[in-house]
Amino acid sequence: MIHPGSESLRKIAVVGRGTAGSLAAASVTHQHPDGDHELHHIYDSRIPVIGVGEGSWPSLVRELQQLTNLPHDTVQRRLSGTRKYGVAFEGWGRRGRDFTHYFTPQQVSYAYHLSADLMADLLHEGTRARHIDAKVLDITRVNGGARVEFEGRAPERYDLVFDARGFPRELHPDQHIGLPFIPTDTAVIRRCPAVFSEDAGPVLQHTYTRAVARPHGWVFVIPLTAHTSYGYIFNGDLSSLAEVESDFDRLLEADGVSEFEQRGVIGFPNFVHRRIYDGAVARIGNAAAFMEPLEATAIVSAQLQIGMVLRTRFNRPPEHLERDAPVVNRFLINYMLRYGLFVGWHYSCGSRYDSGFWRHARDRAWPKHRKAVDPEVVGCSALHDFDEMIELLNRSVIDQQDWHRMCAVPLTSYAQVSQGLGC
């Protein structure tokens, strides 16, 4: 197969060793048609990796098999993973009842629950790269490529740089689109004993990420074979850490968990970068966008960002780069905002708790979505696309030609969540 753009991608850098950076480096190794390219994987070993348990979407199962050339069962064991068939919501919505958002086809399609640090290690084994342990000071676009400046070593020029350095330190309106309709900004992470064991082989049971509504927010529960990851997601301006920790203790006691390891308290922004891709620098993962972990959008977003950039650069002649970059950037922004609207919509019907957090989430945060994602402000059609999906759900009969409609996630996902929430 001819790849007209490969000649313009002889020297590539990936900055960051987390999930997105590891996926990008492995993807370059796997997809680059020429063996004589140069790939630098750059990261600062002084920055610790928090090995959290993560959920994913079914597309990751196929991609990890392709990137590693390992059987699915082997990949699952290497990740301390279990098979995730959806998200089990407890106490969400107007009825405050439990429901499940299944992947489609229901009870057939599955993703992984995985350990993020183990996935990075697995991907590194098959990545052909020069590893550079250094602190990156800046990444800037220059004529024909990008320049990376380091602490204590000379700068380097690259044809393409994947920036996977994580969250911005602060949001700037000219650079970032804030998502104030998502009402959470902090996570308390705890590691608890495992409830599944792979002693007799990979865990084949159907497992689900639990999303448990609580007075101060909600708690994710991700079952791995090495441990069970719990995370309390809340709003630091509405609840104190002491209040959250106390309620967290009550949940673990109700779950029969008598011991845990405190893994950290992590603040996070909900945002989409206005310049995800400029032709030479591609922001990926948490550097490009983030919305709280409710629907496990982080890894699937990184997959989309990396895949779009590499396919465009490899398959399009270099002379089209200046025209292609704005189109790809707008597409990615639109997709990320649609993910954000889907996540924020989960709060629109409240929960079984009539608490300060849930009143704020339902009555004050969610109504901000129309202003925040106004097409005149964000330059794309995400709000219109979301409104169309809600309009479809309100029809008495959905025409067959609309059954496969998507707004970041398929209509089946919107229908399951809408029914579960009582929207």
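1. Start with a cation sitting on a ring: R190 lies over the face of F248, at 4.2 Å from the ring centre. R153 does likewise with F150, its charged end being 5.3 Å from the centre of that ring. The test here is NZ of Lys or CZ of Arg within 6 Å of the ring centre and within 35 degrees of the ring normal.

2. A word on what you're looking at. This is a predicted model, where local features need pLDDT of at least 70 and side-chain atom pairs count only at pLDDT 80 or more, while totals for chains, interfaces and linings use all residues. Residues are numbered from 1 along each chain as its sequence is written, and side-chain values use heavy atoms, with hydrogens and water left out.

3. Overall build: the protein has 12 helices and 22 strands, taken as DSSP runs (helices H or I, at least four residues; strands E, at least two) and numbered from the N terminus. The radius of gyration is 21 Å, close to the 22 Å that the globule rule gives for 423 residues, so the protein is as compact as a globular protein of that length. That radius is taken over C-alpha atoms, and the rule is 2.2 Å times the number of residues to the power 0.38. The C-alpha trace spans about 60 × 50 × 45 Å along its principal axes.

4. Burial and contacts: 56% of the 423 residues count as buried. Buried means under 20% relative accessible area, exposed over 50%, and partly exposed in between (1.4 Å probe, protein chains only). Of the contacts with a separation of 6 or more, 75% come from residues 24 or more positions apart; a contact is heavy atoms within 4.5 Å.

5. Now the core. The largest nonpolar core holds 102 residues, and those with the most contacts inside it are W92, M119, F162, V272, L337 and V373. Helix α7 (residues 321-345) gives the most to this core, with 12 residues. Such a core is a set of buried Ala, Val, Leu, Ile, Met, Phe, Trp, Tyr and Cys residues joined through side-chain atoms within 4.5 Å. Beyond its neighbours within four places in sequence, V373 is in contact with F181, L337, L341, V378, A382 and L383. Another core, of 14 residues, lies apart from the largest one, with V15, I132, A134 and V136 among them.

6. Helix α7 also carries a polar residue worth a click, N334. N334 is buried, with a relative accessible area of 11%. Leaving out residues up to four places away in sequence, N334 touches C380, S381, A382 and D385.

7. On aromatics, the structure holds 27 pairs. The centres of the F357 and W358 rings are 5.2 Å apart and their planes are at 90 degrees, so the pair is edge-to-face. Pairing covers rings of Phe, Tyr and Trp (its six-membered ring) with centres within 6.5 Å; planes under 30 degrees apart are stacked, over 60 edge-to-face, and the rest tilted. Both F357 and W358 are buried, and they belong to one aromatic cluster with F89, W92, F99, W218, F220 and Y347.

8. Helix α1 (residues 19-31) is well behaved: its 13 residues reach 18 Å from first C-alpha to last, close to the 18 Å expected at 1.5 Å a residue. The expected span is 1.5 Å times one less than the number of residues. Because 11 of its 13 residues are buried, α1 is largely enclosed by the rest of the structure.

9. In helix α2 (residues 59-68), the buried set is L60, V61, E63, L64, L67 and T68. The buried residues of α2 pack against α1, α3 (72-78), β6 (111-115), α4 (116-125) and α6 (297-315).

10. Which backbone spots deserve a look? Most residues other than glycine have a negative phi, and most peptide bonds are trans. N69, although not a glycine, has a positive phi of about 60 degrees; N69 lies in the loop between α2 and α3 and, at 63% relative accessibility, counts as exposed. A408, also not a glycine, has a positive phi of about 75 degrees, but at 6% relative accessibility A408 counts as buried. The loop holding A408 runs between β21 (406-407) and β22 (409-410). Finally, the peptide bond from T104 to P105 is cis, with omega near 0 degrees, and P105 is found in the loop between β5 (97-102) and β6.
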